[in-house]
Amino acid sequence: MKPYLDSPDPHAKPSAFDDAFERWSTAFVASGAGQQNSSLRAYGSLWRHFTKWCLGQPQPLSLRGLDAADLE
């Protein structure tokens with residue numbers, strides 16, 4: 001079961017998380033901080049796991065409304 005499929009929140013979809021990571025990684029590389037591919041791969045792996053966790057919650061979490069209480 002993929003709870004995000006029934007979510008009315010368009011920000012609680014895999015594409016929203018993918019877009020956010022793409023924007024962040026572009027800025028990360030442009031800043032010069034992401035010059036090693038291994039860093040970007042590590043962050044990408046962490047992001048995919050975080051995305052899976054957020055979207056796998058009974059009430060899928062979106063990035064737009066995410067706060068510290070959601071992570072407890």
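Start with leucine 46, which you'll find in helix H2, the stretch covering residues 37-55. Keep in mind that you're looking at a predicted model. Is leucine 46 buried or exposed? Its relative accessible area is 56%, and a residue counts as exposed when that value is over 50%, so leucine 46 is exposed.

Leucine 46 has company out there. Together with Trp24 and Tyr43, Leu46 forms a nonpolar patch on the surface. Add up the accessible area of Trp24, Tyr43 and Leu46 and you get about 320 Å².

Now follow the chain past that helix to serine 62, which sits in the segment after H2. Here the picture flips: the relative accessibility of serine 62 is 7%, and the cut-off for buried is under 20%, so serine 62 counts as buried. What does its side chain reach? Look for glycine 65: the side chain of serine 62 comes to 3.4 Å from the backbone nitrogen of that glycine.

Time to zoom out to the whole protein chain. Its secondary structure is easy to list, with 2 helices and 0 strands. The chain has 72 residues, and 25% of them are buried, serine 62 being one of the buried residues. As for the outside, the accessible surface comes to about 5,300 Å², and carbon and sulfur atoms account for 55% of that.

Finally, think about which parts of the chain touch each other. Take the contacts between residues at least 6 apart in sequence: 51% of these join residues at least 24 apart.

Conventions:
Residues are numbered from 1 along each chain as its sequence is written. This is a predicted model: local features need pLDDT of at least 70, side-chain atom pairs count only at pLDDT 80 or more; totals for chains, interfaces and linings use all residues. Side-chain values use heavy atoms; hydrogens and water are left out. Helices (H or I, at least four residues) and strands (E, at least two) are DSSP runs, numbered from the N terminus. Buried means under 20% relative accessible area, exposed over 50%, partly exposed in between (1.4 Å probe, protein chains only). Contact means heavy atoms within 4.5 Å. Accessible areas come from the Shrake-Rupley method with a 1.4 Å probe; for residues, only the protein chains shown count as cover. Patches are made of residues with over 30% relative accessible area and no salt bridge: like charges are joined within 9 Å, nonpolar side chains (Val, Leu, Ile, Met, Phe, Trp, Tyr) within 5 Å. A salt bridge is a side-chain nitrogen of Lys or Arg within 4 Å of a carboxyl oxygen of Asp or Glu. A polar contact is a pair of N or O atoms within 3.5 Å; within protein, one must be able to donate a hydrogen and the other to accept it, and residues adjacent in sequence count only if both atoms are side-chain atoms.
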